[in-house]
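Please open the structure in your viewer and keep the selection tool at hand. The stops below state what to select and what is found there.

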Amino acid sequence: MLRDTGPSDRVIAETAWLYYVKNLTQGEIAARMGLSRPTVISYIKQAKAREIVCVRLSGEHFRLNAMADALTERFGLESVHVIPVEGLSEDGSLLEVCQAAAHVLLEFVRPGDQLGVSWGKTLSFISDYVPYWPIENLTVRQLIGSMANPLLPTSERCSIEIANRVGALCINLNAPAICSSVLLADLLKAEPIVHDQLKMLQQCNKAIYTVSPATPDSHVTHFKIASQRDIENYMERGAAGIIAGRFIDAQGEPVLGEIDTRLIGADHAALRQMNGMLVVSGQHKLAATLAALRGGFAQKLVVDANLAQSLLGA
């Protein structure tokens, strides 16, 4: 005996069309399709679960408050989106911010844009939450080279996922994020393919990234971009934050060191010329976020309410 596999996508899609587009009530849909009302409710839920229906939330929902306006004025930003996180844990707050940022991203990019994508846990969560919403003629580029472990939230993984969800062309950076020597890095950068890809990064008019504290336990050590001693050396020279693998001081100015000579990806100058969307959550990122904002690395900010309050009080 064959097992019932449930309603077809066609039936689910028809139910969703009547509910979301034609604005019929659940009772009207039940009568029209010869179904019970509980069945209609179930089909509507399945439409979301099967991603037949994707919900896009307007970013304006997170802008209409005094705190967002105050941050916009204080740091000269285009817009700020403050996400309520009252009662949530640090991990819960991060997820809440990333879910909101995924929807804000759809308003941030426009047809014809070239979007640079960074890496890390924050970007990975965002990429998983982006609704399936096609954006015409969008190009997505990874801002830093590839990393060995496919299980980590690498730039290539985040770039591919975002591109898939918005129907964009994804162009990966075909080189390692970090080389074992300056000589090898120079040779790779001189290779025509890598040279052209790095040059094309300068055409990114927008970018999405987070910022991390410049501390020995930073994500760059987990990804083996730098050792704890490397981070300490940068800290001794005043490093306060890390954006896309690049170190900045408390005023957002570049802090250069040995890692920069072996890193393959967008440099400080390239990042600064992009219209940046900065997504941050957690009090431990206060100093790094201030540095990024002072340095002009962001025009749009998505931040949790607690960190937003601390930014205003700093």
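**A strand and its partners**

In strand E4, Cys-170 is the bridge partner of Val-140. This model is predicted, and the tour begins at this pair.

Select residues 169-171, which form E4, together with strand E3; the two strands run parallel and are joined by 3 bridges. Next, select residues 139-142, the whole of E3. Thr-139 and Arg-141 point one way from this strand, while Val-140 and Gln-142 point the other way. Are these residues buried or exposed? All of them are buried. In a regular strand, side chains alternate between the two faces of the sheet.

Now add residues 114-117, strand E2, which pairs with E3 in the parallel sense over 4 bridges. Within this pairing, Gln-114 stands opposite Thr-139 of E3. Add helix H6 to the selection as well: E2, H6 and E3 together make a right-handed β-α-β unit.

**The enclosed space**

Rolling a probe the size of a water molecule over the atoms shows where empty space is left. The count comes to 1 cavity of 30 Å³ or more, and about 40 Å³ of space lies in the largest cavity. To find it, select Arg-141, Gln-142, Ile-171, Asn-172, Leu-173, Gln-197 and Leu-201, which line the largest cavity. E3 and helix H9 (192-201) are the elements that give two or more residues to this lining. By type, the lining residues of the largest cavity divide into 3 nonpolar, 3 polar and 1 charged.

**The largest pocket**

Which residues lie nearest the centre of the largest pocket? Select Lys-121, Ser-212, His-219, His-284 and Lys-285, which hold that place among the 21 residues of the lining. The elements giving two or more residues to this lining are helix H5 (90-108), helix H6 (121-129), strand E6 (212-213) and helix H10 (219-222). H5 supplies the largest share, 3 residues. The largest pocket holds about 480 Å³ of space, and its lining residues divide into 6 nonpolar, 10 polar and 5 charged.

**The second largest pocket**

For the last stop, select the lining of the second largest pocket, including Lys-48, Glu-51, Gln-99, His-103 and Arg-165. Then add Val-53, Cys-54 and Val-55, as well as Tyr-129, Val-130, Pro-131 and Tyr-132, which also belong to the lining of the second largest pocket. This pocket has a volume of about 200 Å³. Its lining residues divide into 7 nonpolar, 2 polar and 3 charged.

Notes:
Residues numbered from 1 in each chain as written. Predicted model: local features only at pLDDT ≥ 70, side-chain atom pairs only at ≥ 80, totals over all residues. Heavy atoms only, no water. 1 Å grid on protein atoms, 1.4 Å probe; cavity = no way out; pocket = protein on both sides within 12 Å on 5 of 7 lines; lining within 4 Å. Points joined across faces, edges and corners; volume = space filled by probe spheres on them. Nonpolar A, V, L, I, M, F, W, Y, C, P; charged D, E, K, R; others polar. Buried < 20%, exposed > 50% of the residue type's maximum accessible area, 1.4 Å probe, protein only. Pairing = 2+ DSSP bridges. Right-handed = clockwise from strand over helix to strand, strands pointing away.
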